[in-house]
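Me: I am new to this one and would like to understand the words people use for it. Could you walk me through them with the reasons behind each?

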Amino acid sequence: MRSRVFLIVSIVAALLVLALTQAVANNYLFFAGYVVLQFVVLATAWNILGGYCGYVNFGSAAFFALGAYTSVFFHKTYQIPIPFLMLIGGIVSGIVGLGMGYLTLRLRGSFFAIATLALAVVLQTLIINWDYVGGSRGAYVIRPNTIQVLGMAIPYIEYLFLLMLLLAVAAIVTARVIERSRLGYGFATIRDDELAAEAAGVPTLRLKLIATTISGALMGMAGAPFPYYIGYLEPSSAFGLAYAVNAIAMPMIGGTSTWIGPLIGALLLGTIQQVATVTISSAVNLLIVGVLLVAFVIIAPNGLVGLVQQRLRAKEQR
Amino acid sequence: MDFPIELLINAIIAGILLGGFYIAVTVGISISFGMLDIVNIAHPAFIILGSYLVYIVNSTFGIDPVLVGILMLPVFYVLGAAVYQVYYLSFEKRGQEALRGLAFFFGILFITEVGLILVFGVDYRYAEAPYIGPALRFAFVDLPYRMLIPCVISLLLLAALQLYFSRTFIGRAIKAVSQDQQALALMAANPIKIKRIAFGISIATAALAGAFLVIIQPVEPSVGREYIGRVFAICVLGGLGSLPGTVVGAMLLGVVESITATFYGPSWAPAVAFGFLLLTLAFRPAGLLGR
Amino acid sequence: MTEPLLKVDGVGKRFGGFVALDDIDLAVLPGERLGLIGPNGSGKSTLVNCICGTLKNETGAVTFDGRKMDGLAAHQRTILGLARSFQLPRPFHSMSVADNLRIPLLYAVKARAGAALSSTQLDEHCVEYLRLVGLDHKARKLPRDLTQVEMRKLELARAMAAEPKLLIADESMAGLSHSEIEDILKLLMQLNARGITIILIEHIMSAVMSFSQRLAVLVSGRKIADGDPQEVVRNPEVEKAYLG
């Protein structure tokens with residue numbers, strides 16, 4: 001399927017999702033759906049660097065929080081519409097991703113992973129000590145109840161849901177376009193054998209920087225509307241462990257080699273978690289995610305998509 | 001201007017004592033990451049686990065925390081060997097340790113932290129012992145016993161390990177396996193078994209480090225994560241796999257953190273370690289002592 | 001006097017206390033067929049790594065096509081026309097055999113030529129290279145489905161697909177049958193006839209002798225002989241160190 005066709009198909013799918021939400025007139029759907037879509041973006045973004053290039057980012061929360069705090073900063077300074085905040089958040093996170101990549105990507109993959117952890121903590125410490133955006137006390141973001149979109153007044157949460165839906169489509173289309181492009185082939189060689197990739201003429205450092213930047217930017221864009229969603233932003237929720245572990249678990253459980261894996265992982269795990277948080281407790285829900293991650297990594301390293309592919313290949317050979 | 005020299009000297013001394021404790025925390029990673037090339041970012045989780053176990057025994061039976069730590073050494077050794085076995089069979093053997101091994105340890109780190117939250121909640125826990133509280137005084141210099149004792153024992157632990165790695169057969173085999181696995185196999189030593197022993201030792205040190213931790217400060221489940229940066233910063237600073245390097249890195253970090261906390265406030269302390277780590281990785285990844 | 005295509009001047013490399021390469025001088029003329037032999041561990045692959053940028057040499061300089069290679073990353077050297085195969089094959093595991101060959105075409109060749117090859121042109125090139133090494137029937141297979149011998153051929157084909165000016169073939173013939181060795185030699189001769197300079201690193205003496213115009217010998221990190229193959233093999237030092 002050509003990329004242009006895929007884009008149209010995804011937009012249609014998104015419109016269908018939207019139509020569905022209109023049919024079920026329940027605002028809760030928007031609240032829960034927003035979170036799941038957010039994870040779709042985070043998982044897809046993580047996978048561009050982690051799944052395609054093989055470089056693990058433990059600090060997804062940092063890029064997400066950067067986007068969120070950029071919004072808080074502007075909220076206190078000069079009000080800007082959220083779509084623009086998303087762009088700015090994306091740019092800020094992208095630049096930080098580029099910078100961090102430049103410092104650490106020339107080293108081994110394991111050093112990069114550790115550096116991402118370090119980055120998350122450094123950023124968190126900086127934010128905690130920066131009173132303008134609330135510091136450790138947090139920042140309140142007042143949001144209106146409704147907003148005018150195309151002449152209609154819709155609930156604000158539906159507006160946020162829409163934005164996140166668009167971002168999710170953009171993230172998935174980006175991932176798929178990359179996957180099938182020359183860039184995607186280059187990423188795969190980095191994952192398979194970086195030394196051989198260099199010998200074959202692949203500019204590995206440049207490609208890794210591109211991956212880090214795109215990945216970071218998407219995560220930042222996902223974080224930008226978050227303060228408006230949650231109303232009160234403080235460092236421990238923005239930098240929460242839930243983001244770091246979900247951003248890794250969802251692609252690894254779904255399958256890291258294609259754009260489908262993170263989507264499936266996010267939809268599945270995201271929905272399960274929404275249900276679990278309400279019925280059991282949020283701590284148990286995180287525990288489940290952690291256990292699933294370890295289980296899948298040991299038993300089914302290629303994720304759900306990998307299992308399906310295995311089944312298909314076995315059928316072919318019969 | 002009245003430069004607070006007494007404050008500075010106390011900060012430096014406190015930093016040295018802290019550095020001693022950091023040695024115990026880091027030596028396990030020096031072994032697993034420095035010698036075996038296993039990125040066990042879950043190491044702080046094992047330390048915190050150790051802290052909580054020490055806390056339970058200490059508060060239930062009143063046994064001295066350091067003693068509990070020593071008693072737990074064999075338990076943690078077995079735990080470490082078991083974890084390595086799973087790691088080896090799932091990842092090393094299949095050659096997939098890069099991505100999946102990291103995710104595996106991250107999962108363990110995560111499960112441990114959340115598990116502890118579920119069992120113990122987020123309240124701070126601390127151990128009780130007669131030496132937690134009183135301090136030795138030399139003029140204006142304060143040497144709290146709760147810092148002094150872990151520091152001294154850490155240095156002893158390091159010396160013992162250094163002897164082990166240079167004098168015993170298995171110890172030297174462990175050092176050899178980090179250089180050349182094939183050569184080791186030719187020597188009719190089983191590299192997998194050697195690595196398992198080494199990793200077991202690495203996790204065993206976490207038991208002791210955990211005991212020290214709960215003596216030095218109150219613990220709660222997320223404390224482990226603060227140590228990830230410190231541990232790797234020290235390792236990289238001191239040069240991977242070098243035990244003497246660990247001392248240098250630990251002391252340096254301890255002193256800088258202590259001075260930062262004294263003059264700029266404790267909320268900046270985590271950034272110090274991680275900032276160090278980022279800078280070292282960026283500019284001198286071979287460490288100060290280089291390899 | 002023609003300028004050498006590749007000039008290695010006083011290159012040295014140590015690993016800790018171990019001296020892998022000691023003051024190596026080597027010059028390869030354009031269009032030449034150089035054989036490089038030496039016992040295991042003599043530093044042949046280390047030399048290749050230093051020439052190609054996979055490793056950084058501590059002393060000395062590498063000059064290729066009149067340009068100093070210092071500081072250039074491996075991929076840049078490949079783009080400039082220096083390609084190598086790895087002694088232990090390093091295929092890209094997640095992609096098909098044909099796609100393995102796409103990579104140098106997509107990256108090295110494209111960077112050099114500037115214009116992109118169309119998808120069909122790419123496929124044609126891939127198949128052509130596969131046919132040259134006799135792997136075209138396995139185009140769709142994954143590397144893990146190949147035999148050891150086929151992996152070596154893939155390794156060589158991937159180096160060829162970078163369309164180099166100088167190709168370093170690092171022990172591509174290990175484990176091949178007599179006729180397969182003949183095929184590879186014929187292939188390398190064809191490439192050489194097209195103007196590609198070739199450095200052949202091998203243990204199979206018959207192949208090296210029949211192929212090389214010049215022969216260099218590396219022992220314990222030092223070059224102990226360099227010249228006409230017939231004379232070099234009669235050199236007593238070479239006999240003692242290697243052939244004896």
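Reply: Happy to help; what follows takes the terms one by one, for a model that is predicted.

Me: How do you know how far to trust chain A and chain B?

Reply: The predictor gives each residue a confidence called pLDDT, from 0 to 100. Chain A averages 87, and 99% of its residues score at least 70. For chain B the mean is 84, with 91% of residues reaching 70 or more.

Me: Which parts of chain A and chain B have the lowest and highest confidence?

Reply: In chain A, strand β2 (residues 146-149) is lowest, at a mean of 76, and helix α8 (residues 204-223) is highest, at 95. In chain B, helix α7 (residues 181-186) is lowest, at a mean of 64, while α2(B) is highest, at 93. Where pLDDT is low, the predicted coordinates should not be read in detail.

Me: What makes A:M221 buried?

Reply: Buried calls for 20 or more other C-beta atoms within 10 Å. A:M221 has 30 of them, so it is buried. You will find A:M221 in helix α8 of chain A. Setting aside neighbours within four places in sequence, A:M221 is in contact with A:G67, A:M86, A:G89, A:G90 and A:L167. A:E194, by contrast, is 27 residues away along the chain, and its C-alpha atom is separated from that of A:M221 by 30 Å.

Me: Why is C:D23 called partly exposed?

Reply: The term covers counts between the exposed limit of 12 or fewer and the buried limit of 20 or more. C:D23 has 14 other C-beta atoms within 10 Å, so it is partly exposed. C:D23 lies in strand β2 (residues 18-28) of chain C. Apart from neighbours within four places in sequence, C:D23 touches C:G10 and C:G12. C:L34 is 11 residues from C:D23 in sequence, and their C-alpha atoms are 19 Å apart. The backbone has a point of interest as well: C:D23 is not a glycine, yet its phi is positive, about 50°.

Me: What about C:S220: how is its exposure decided?

Reply: With 15 other C-beta atoms within 10 Å, C:S220 falls between the two limits and is therefore partly exposed. C:S220 sits in the loop between β9 (214-219) and β10 (222-227) of chain C. C:S220 has a positive phi of about 50° too, although it is not a glycine.

Me: Why is α2(B) called oblique to α8(B)?

Reply: Helix α2 (residues 43-61) of chain B packs against α8(B) at an angle of about 55°, with the axes 7 Å apart. That angle is neither under 35 degrees, nor over 145, nor from 65 to 115, so the pair counts as oblique. The crossing is right-handed. Residues in this contact include B:F46, B:L49 and B:V54 of α2(B), and B:A206, B:G210 and B:L213 of α8(B).

Me: And why are α1(B) and α10(B) oblique to each other?

Reply: Helix α1 (residues 5-35) and helix α10 (residues 243-264) of chain B cross at roughly 140°, and their axes come within 6 Å. Roughly antiparallel would need an angle over 145 degrees, so these helices are oblique. This crossing is right-handed.

Me: Which residues have the most contacts inside the largest nonpolar core?

Reply: They are A:L42, A:L293 and C:A157, in a core of 280 residues. Helix α8 (residues 191-216) of chain B gives the most to this core, with 16 residues. Beyond neighbours within four places in sequence, A:L293 is in contact with residues of two chains, among them A:V245, A:M252, B:A103 and B:G107.

Me: How do you know which chains touch?

Reply: Two residues are in contact if their C-beta atoms lie within 7 Å. There are 2 pairs of chains in contact, and chains A and B share the most contacts. That contact takes 33 residues from chain B and 37 residues from chain A. On the chain B side, the elements giving two or more residues are α4 (97-120), α9 (223-238) and α11 (269-283). The largest share of that side, 15 residues, comes from α4(B). Chain B and chain C do not touch, and their nearest C-alpha atoms are 8 Å apart.

Key:
Residues are numbered from 1 along each chain as its sequence is written. Chains are lettered from A and ligands numbered from 1 in the order in which they are written. This is a predicted model: local features need pLDDT of at least 70, side-chain atom pairs count only at pLDDT 80 or more; totals for chains, interfaces and linings use all residues. Helices (H or I, at least four residues) and strands (E, at least two) are DSSP runs, numbered from the N terminus. A nonpolar core is a set of buried Ala, Val, Leu, Ile, Met, Phe, Trp, Tyr and Cys residues joined through C-beta atoms within 7 Å. Axes are lines fitted to C-alpha atoms, for helices over the stretch in contact, and angles run from 0 to 180 degrees between N-to-C directions. A crossing is left-handed if the near helix is turned anticlockwise from the far one by less than a right angle, and right-handed if clockwise.
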